[in-house]
Amino acid sequence: MANLRKQADMPHCIARIFEPLLRLLLPAPGRHRSAEGTPAAPTVDVPTALLPRVPVRGEDIGLVRPYLVAGERRQEERRQRVRRRALVLATYGIDIGPRRIHGVEVTA
């Protein structure tokens with residue numbers, strides 16, 4: 001039974017040892033701090049350098065939602081695939097060019 005009391009009191013003993021040490025080393029929290037901790041030198045307000053304003057469009061900044069540009073990106077990727085496919089087939093002599101040029105249907 002005495003051994004159980006020693007084990008139960010151990011955290012309290014540790015707390016009793018470290019509490020005065022922490023009070024000496026750390027400042028008091030909140031508005032109850034002592035006035036001893038005033039800053040040594042007053043801070044001087046240094047003017048900041050003004051940078052020229054550059055007009056930007058909404059597309060130039062990276063804060064556009066990804067789902068808004070996803071459709072445009074898919075269309076551009078599709079156009080790129082079509083161009084590449086036409087180039088590959090042109091190496092074999094197959095012309096899959098546009099069927100209409102300036103509104104006139106091409107027949108060849």
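Reader: Why is Glu76 called partly exposed?

Author: The relative accessible area of Glu76 is 37%, and since buried means under 20%, exposed over 50% and partly exposed in between (1.4 Å probe, protein chains only), Glu76 counts as partly exposed. This is a predicted model, in which local features need pLDDT of at least 70 and side-chain atom pairs count only at pLDDT 80 or more, while totals for chains, interfaces and linings use all residues. Residues are numbered from 1 along each chain as its sequence is written, and side-chain values use heavy atoms, with hydrogens and water left out.

Reader: What makes the contact of Glu76 and Arg79 a salt bridge?

Author: A salt bridge is a side-chain nitrogen of Lys or Arg within 4 Å of a carboxyl oxygen of Asp or Glu, and the N to O distance between the side chains of Glu76 and Arg79 is 2.9 Å, so the pair fits that rule. Arg83 and Glu76 also meet in a salt bridge, at 3.4 Å, and Glu76, Arg79 and Arg83 are thereby linked in a network.

Reader: How do you know that the length of helix 2 agrees with what is expected?

Author: Helices are DSSP runs of H or I with at least four residues, numbered from the N terminus, and the expected span is 1.5 Å times one less than the number of residues. Helix 2 (residues 66–91) has 26 residues and should therefore span 38 Å, and its end C-alpha atoms are 37 Å apart, which agrees.

Reader: Why is Arg23 called exposed?

Author: Its relative accessible area is 62%, so Arg23 lies above the cut-off for exposed.

Notes
Helix = DSSP H or I, 4+ residues; strand = E, 2+ residues; numbered from the N terminus.
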